[in-house]
Amino acid sequence: MKTKASLAPTLLCLSLLAPAFAQQPVANPASAPRQQPTQPRPQQDDDDIVRITSNLVQLDVIVTDKDGRPVTDLRPEDFQIFEDGKEREITNFSFVSTEGPSPGQPTEAGAPQPAPRRTEKALPPMPSAPLHRREVRRTIALVVDNLRMSHLSATSAREGLRKFVNEQMRPGDLVGIYTTRGGSGSLQQFTSDKTQLHRAIDRVRWYPPPLGGVGVDVFEPARDDSTFKPTTPGSGGTRLDGLAVGKEEFGDAETRQRRERMDERNRDLVAYGALGTLRYIIRGMQEAPGRKSVVLFSDGIPLFSRNDGAASRSFDAMDRVIESATRAAVVIYTVDARGVHIPGMITAADDVRPNATQSLVESRLEKGARAEDGLTYLPAKTGGLFVRGTNNMDRALERVMRDQGGFYLLGYRPTEQTFKGGSKAFREIDVKVRRSGVSVRSRGGFMAITDEDARRETRGSDKELYALLASPVNAGGVYVRLTARVVGDPRGGGSAARMLLHVDGKDLTFTDAPEGGGYKKLVLDVAAVTLGKEGQIIDEFNRTHTVRTGGEHLDNIVRHGLTYTADVPVKKPGTYQLRIVVRDQASQRVGSASQLIDVPDLSKQRLTLSGLTLREIVAGGAQQQSPPDSARPTAETAIAAVTSLSDPAVRRFRPGAILAYGSQVYHTTAGGGPGGTPRLTAQVSLFHNGQPVVKGAPTAVEFDPTRPGWLEGALRLVPQAKPGEYVLQVVVTDESVKDKDRRQTAQWIDFEVIN
C-alpha cells in the first residue's frame with residue numbers, strides 16, 4: 001500500500017529534555033501498563049570484529065592456556081596467519097577484553113544491577129534499566145535443539161538456562177533464548193530483562209515423537225515386542241535397529257538397507273531444520289553489538305551416515321551456518337545435552353535377548369558417535385568449543401562464558417587471488433602461535449566474496465524488510481523508538497495494540513520534490529508484524545509513505561523527528577510481540593524495533609491496569625484528562641511531525657518538568673468507601689538506571705464520577721535530576737480483597753530526561 005502525506009506547517013516545541021530525580025507525587029497516584037524498555041539510540045561501531053573486504057580480511061582468534069583461561073600478553077610477532085596454506089603479513093592486531101562486572105557488582109556507572117524482586121506474588125518484577133549499545137559487552141543466543149532431544153535433556157537444558165539467567169548474567173549482557181522446534185517465527189528479541197528471559201525459558205519444552213526427536217531418555221529402551229522382528233518366517237532370527245541378529249542368516253539385505261536409508265533421511269531432515277533455525281538466528285545477529293556467540297544445546301547433529309558417507313543436505317546446511325557465523329562475527333559453542341552417559345550401555349529398561357546385546361551395544365555406540373559429528377564441526381570452524389561430559393548445563397555455560405574473556409583481532413591485506421571464484425570458492429584460514437603450552441582457535445575460513453557483495457542481494461527489497469522483521473536484533477541505521485499499549489475497551493472485543501514510533505529526523509534523507517519551490521521529499525517503507533506467544537502471525541502490513549515538506553517545517557522534522565502511529569487488532573488476551581521496520585528509500589538505511597505487550601484476560605475478574613499515558617503539564621496549560629484513543633490512525637494519518645518532545649511516542653522531559661500520568665483500572669470491588677466505592681490505594685515509584693530514586697507512600701485513590709475507573713496523577717522532576725533513562729512504576733492495591741494474587745497489580749512505563 002502506498003500513501004502520500006503532506007505535513008502542514010506546525011511549530012515544534014523546542015523544550016529540550018534532561019534527567020531528573022523526582023519529588024513526591026503531587027496528585028493521585030496512577031497506574032501503568034506493562035511496556036518494554038525503549039532501545040537507546042545505537043552508536044554505529046567502526047571496529048567490526050570480522051571484516052572481509054577488498055582491502056582487509058580481519059578475523060577473531062582465541063588463545064587459551066592449559067586451564068582454559070584466555071592468554072592476553074601475546075604480540076603480533078607471536079602469530080602466523082595462513083590463507084590456503086600461504087602465509088600472509090599481519091597488518092592489523094589488537095586484543096579485545098570482554099570482561100565486565102560479575103553479577104551484583106557495580107557497573108561502569110557505579111550502579112549495581114540486582115535481580116528483580118517481587119513485592120507480592122501478583123506483581124511483575126521491575127525491568128532492568130535499558131542497555132545502551134555502547135554498554136553491551138556480550139550478545140548471547142542460547143538455542144535449545146528440541147527437534148531431536150530427549151525429555152531428560154530438555155529438562156536439564158531448561159534448568160541450566162534458569163541458573164544462567166539468575167546467577168551468571170553480567171551487566172552488559174544481551175541474551176536471547178530460542179528453540180529449534182519453534183522455528184524462525186517465534187524468535188524473541190535479545191534483552192537484558194530477566195523477566196522476558198524467564199518467559200522464554202518457560203516455553204522451552206520437550207515434544208514426544210513424532211513431534212519431537214526421541215523419547216524420555218537418550219536411547220529409547222529396546223523392546224522385544226517392538227524392536228525384534230523375525231527376519232524370515234520360521235528362521236528364528238531377529239533384527240535390531242536395522243541389524244539382523246540371532247543367526248548367520250540376516251534376512252533380506254535390500255529391505256534392511258532401505259529401512260536404514262529411510263531412518264537416516266529422517267534424521268537428516270530433522271538436522272536440516274535445526275540448522276535452518278540456527279542460521280536464521282545468526283544472520284539476525286549481524287548488527288548486534290559486543291562479543292557475539294551462539295550456544296547450542298543438543299543431543300547431537302549427525303553429519304555422516306553408515307551407508308552414504310556425508311549426509312549432503314545436512315552438510316551443506318552446516319556450511320551455510322558457518323559462513324553466516326563468519327560474516328556476522330558469531331562464535332558457535334555446542335553443548336552435549338545428554339550429559340554424562342556410557343556409550344552403548346544396556347540398562348534394565350532394555351528388553352533384549354542375550355544373543356542381541358552385542359548388536360545393540362554396537363548400534364548405540366555408532367549412533368552416539370555420529371551424533372557428535374555436527375556438535376564438533378560447528379565450533380571447530382567458528383572458533384568455539386564443544387562442551388560435553390557434564391550433567392549440569394549451567395556449568396557448561398560457565399565454561400563457555402569463561403572462554404569469552406577476550407580475543408585477538410588479526411588482519412591482513414588480501415591479494416587479487418583472494419576473491420577469485422566468488423561465493424563458490426572457499427579460502428581456508430589457519431592461525432598458529434609461536435608459544436608452547438597454549439591452544440589457539442580461529443575461524444576455518446570464508447567464501448571468496450566481500451561483505452558488500454554478500455549484502456547487495458537483498459538490499460532495498462521487500463525481502464530485506466521481512467528479514468529484519470524476523471531478526472532477533474534490532475537494526476540501527478535509522479534510530480526508532482517503539483512504544484505500544486492496549487487501547488479501546490478490552491471488555492467489548494474491540495481492543496487493539498497501538499504502535500507509537502518515534503523516528504529520528506537526523507537519520508532521514510530528504511531529496512528535491514518534483515514540484516520544486518524548495519519542497520523536499522521523503523519516502524519511507526514501513527513493515528510491521530504482530531506475533532502471538534507461539535510465534536504465529538496475528539497481523540501484518542507493508543506500506544510506503546511519501547512526505548513532502550520544506551522550510552521551517554523541514555528544519556523541525558530534522559531536529560525533532562517524526563511519529564508513526566498504527567493500530568493492530570489483538571482480540572484475544574495473551575502476550576504479543578510487535579515488530580516494525582522503517583527504511584529510508586533515499587539512503588537505504590533501515591531501523592527496526594520490537595516490544596512485548598500483555599493484553600489482560602478480563603474474564604478472570606482480576607484487578608487490572610491498562611493504557612498508561614505519560615505527558616508533561618506545561619506552564620499555563622492543562623493536564624490532558626484522558627488518553628488520546630478516540631482517533632484511530634489510518635494509513636493516511638499515520639505520519640506526523642513531532643509537536644512536543646513530551647509526545648507519548650518520545651517521552652523526553654527537562655529537569656523540573658511536571659509529568660502527568662493516567663491509566664484505566666478494571667475489576668475493582670465494592671468496598672468500604674462512600675457509597676460502596678472501591679477502596680484502592682496507589683503507590684508510585686521512580687527508578688533511574690535500575691535503582692530506586694523515589695518511593696511514594698500508598699495514597700487513597702478517588703475516581704472522578706464522570707470518568708469511572710480512570711486514575712490520574714502527577715509528579716515533579718527536580719532541577720538537579722541526572723540525565724538518563726527512567727522507569728515510572730505504579731502499584732495499585734484493592735484493600736477490599738484479601739487474596740494476595742488478586743488484590744494487587746503493577747505496571748510501568750519508561751521515559752528519558754536529557755539536558
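## Salt bridges, helix packing and two unusual loop residues

The side chains of D60 and R443 meet in a salt bridge, with N and O 2.7 Å apart. The model you have before you is a predicted one, so please read every value below as computed from it.

### Charged pairs

Let us stay with that pair for a moment. D60 belongs to strand β3 (residues 57-64), whereas R443 sits in the loop between β18 (439-442) and β19 (445-447). The two are 383 residues apart, so this salt bridge links distant parts of the chain. Are D60 and R443 buried or exposed? D60 has a relative accessible area of 3%, so this residue is buried. R443 is buried as well, with a relative accessible area of 0%.

Side chains of opposite charge can pair when their charged atoms come close. In this model, the count of salt bridges comes to 26. The table sets out three of them.

| Salt bridge | N to O distance |
|---|---|
| D60 and R443 | 2.7 Å |
| R88 and E83 | 3.3 Å |
| D750 and R481 | 3.8 Å |

The R88 and E83 pair, with its closest N and O atoms 3.3 Å apart, has both of its residues buried.

The D750 and R481 pair, with closest N and O atoms 3.8 Å apart, reaches between two strands. D750 lies in strand β37 (residues 744-753) and R481 in strand β20 (residues 480-487), so the salt bridge ties together parts that are 269 residues apart in sequence. D750 has 0% relative accessibility and therefore counts as buried. R481, at 1% relative accessibility, counts as buried too. This pair also belongs to a network: salt bridges that share partners join R481, R651, R652, D750 and E752.

### A loop residue in the network, and one elsewhere

R651, one of the residues joined in that network, deserves a second look for its backbone. Where is R651 placed? The residue is in the loop between β29 (639-641) and β30 (652-653). Its phi is near 55°, a positive value in a residue other than glycine. At 1% relative accessibility, R651 counts as buried.

The loop between β29 and β30 also holds L645. L645 is buried, with a relative accessible area of 5%. The C-alpha atoms of L645 and R615 are 9.3 Å apart in space, while the residues are 30 apart in sequence.

Q588 is another residue with a positive phi, near 65°, and is not a glycine. Its place is the loop between β26 (574-584) and β27 (590-599). Q588 is partly exposed, with a relative accessible area of 27%.

### Helix α1 and its partners

Now to the helices. The axes of helix α1 (residues 151-168) and helix α2 (residues 194-202) come within 10 Å and cross at roughly 175°. That angle is over 145 degrees, which means α1 is roughly antiparallel to α2. On the α1 side, the contact is made by R158, L161, R162, V165 and N166. On the α2 side, the residues are K194, L197, H198, I201 and D202. By class, the residues of this contact divide into four nonpolar, two polar and four charged.

How do the axes of α1 and helix α6 (residues 393-403) lie, and at what angle do they cross? They come within 7 Å and cross at roughly 55°, which makes α1 oblique to α6. The crossing is right-handed. From α1, the contact draws on S156, A157, G160, L161, K163, F164 and Q168. From α6, M393, D394, L397, E398 and M401 take part. This contact has six nonpolar, three polar and three charged residues. L161 is named in the contact of α1 with α2 and in that of α1 with α6.

### V295, a strand residue touching α6

The α6 residues L397 and M401, which meet α1, are also among the contacts of V295. V295 is in strand β11 (residues 291-298) and, at 0% relative accessibility, counts as buried. Leaving aside neighbours within four places in sequence, V295 is in contact with I140, A141, L142, V143, Y333, V335, L397, V400 and M401. Finally, the C-alpha atoms of V295 and P379 are separated by 9.7 Å, with their positions 84 residues apart along the chain.

Note on methods. Residues numbered from 1 in each chain as written. Predicted model: local features only at pLDDT ≥ 70, side-chain atom pairs only at ≥ 80, totals over all residues. Heavy atoms only, no water. Axes fitted to C-alpha atoms, helices over the stretch in contact; angles between N-to-C directions. Helix = DSSP H or I, 4+ residues; strand = E, 2+ residues; numbered from the N terminus. Parallel < 35°, antiparallel > 145°, perpendicular 65-115°, else oblique. Contact = heavy atoms within 4.5 Å. Nonpolar A, V, L, I, M, F, W, Y, C, P; charged D, E, K, R; others polar. Salt bridge = Lys/Arg side-chain N within 4 Å of Asp/Glu carboxyl O. Buried < 20%, exposed > 50% of the residue type's maximum accessible area, 1.4 Å probe, protein only. Left-handed = near helix turned anticlockwise from the far one by under 90°.
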